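Here are my notes on the model you sent, set out as numbered points. Please read them with the structure open beside you.

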Amino acid sequence: MAVLLDTHAFLSWCEDSPELSPRARKTIEGQDCFVSMASFWEIAIKLSLGKLRLPAPVEQYLPEQMSLNGFEILDISFRHTMATASLWKGGDPFDRLLAVQAVEAKLAVVSRDTAFDAYSLKRIW
């Protein structure tokens with residue numbers, strides 16, 4: 001089973017954070033993992049707002065982490081963005097986009113965010 005990492009799960013993995021649950025950690029270690037371009041967009045926004053710091057410049061850090069960990073990028077398609085209109089469950093627009101991508105690609109989502117439970121997908125934490 002392949003999984004899609006929520007933004008916080010990706011960053012927690014990269015930082016070897018204790019906030020990552022044991023189940024999430026084991027899942028990431030044992031599965032093919034995808035990171036959405038939406039997560040990179042969210043990271044860029046948080047960096048620009050001063051809500052996030054990375055140990056290296058973003059344009060260096062993200063590609064290095066993707067390569068180091070063997071993660072794959074999940075691109076955002078026109079179909080993904082249009083499908084978010086029918087999946088309005090409130091909340092974060094990045095989560096809606098990740099949910100659409102996960103459902104379409106038949107991926108579980110690694111996330112502590114219970115907002116994903118409103119969608120027809122498997123959430124692992």
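1. Leaving aside neighbours within four places in sequence, which residues is histidine 8 in contact with? This is a predicted model, and in it histidine 8 is in contact with Ser111, Arg112, Asp113 and Trp125 once those neighbours are set aside. Histidine 8 is found in helix 1, and it counts as buried because its relative accessibility is 16%, where the cut-off for buried is under 20%.

2. Helix 1 also matters for reading the interior, since the largest nonpolar core, of 24 residues, takes its largest share, five residues, from helix 1. The residues with the most contacts inside this core are Leu5, Phe10, Ile28 and Phe71. Among the elements that give two or more residues to the core are strand 1 (3-5), helix 2 (22-30), helix 4 (58-69) and strand 4 (108-110).

3. Phenylalanine 71 deserves a separate look. Not counting residues up to four places away in sequence, phenylalanine 71 touches Leu5, Phe10, Trp13, Ile28, Cys33, Val35 and Met66. Apart from the core just described lies another one, of 15 residues, which includes Phe34, Leu74, Ala99 and Leu121.

4. As for the aromatic rings, a search of the whole structure finds three aromatic pairs. Tryptophan 41 and phenylalanine 94 form one that is edge-to-face, with 5.2 Å from centre to centre and 80 degrees between the planes. This pair links distant parts of the chain, for tryptophan 41 is in helix 3 and phenylalanine 94 is in helix 6 (residues 93-105), 53 residues apart. Phenylalanine 94 is buried, because its relative accessible area is 12%. Ring pairs also link Phe10, Phe40 and Phe71 into a cluster.

5. Tryptophan 41 appears again at the surface, where Met37, Trp41, Ile45, Leu49, Ile73 and Ile76 form a nonpolar patch with about 540 Å² of accessible area together. Helix 3 provides the largest share of this patch, three residues.

6. Is isoleucine 76, one of the patch residues, buried, partly exposed or exposed? Isoleucine 76 lies in the loop between strand 3 (72-74) and helix 5 (78-83), and it counts as partly exposed because its relative accessibility is 32%, a value to be read against a range from 20% to 50%. In soluble globular proteins, nonpolar side chains tend to be buried together. I would therefore ask that the patch formed by Met37, Trp41, Ile45, Leu49, Ile73 and Ile76 be described as lying on the surface, and be kept apart in the text from the core of 24 residues.

How values were computed: Residues are numbered from 1 along each chain as its sequence is written. This is a predicted model: local features need pLDDT of at least 70, side-chain atom pairs count only at pLDDT 80 or more; totals for chains, interfaces and linings use all residues. Side-chain values use heavy atoms; hydrogens and water are left out. A nonpolar core is a set of buried Ala, Val, Leu, Ile, Met, Phe, Trp, Tyr and Cys residues joined through side-chain atoms within 4.5 Å. Buried means under 20% relative accessible area, exposed over 50%, partly exposed in between (1.4 Å probe, protein chains only). Helices (H or I, at least four residues) and strands (E, at least two) are DSSP runs, numbered from the N terminus. Contact means heavy atoms within 4.5 Å. Patches are made of residues with over 30% relative accessible area and no salt bridge: like charges are joined within 9 Å, nonpolar side chains (Val, Leu, Ile, Met, Phe, Trp, Tyr) within 5 Å. Accessible areas come from the Shrake-Rupley method with a 1.4 Å probe; for residues, only the protein chains shown count as cover. A salt bridge is a side-chain nitrogen of Lys or Arg within 4 Å of a carboxyl oxygen of Asp or Glu. Rings of Phe, Tyr and Trp (its six-membered ring) pair if their centres lie within 6.5 Å; planes under 30 degrees apart count as stacked, over 60 as edge-to-face and the rest as tilted.
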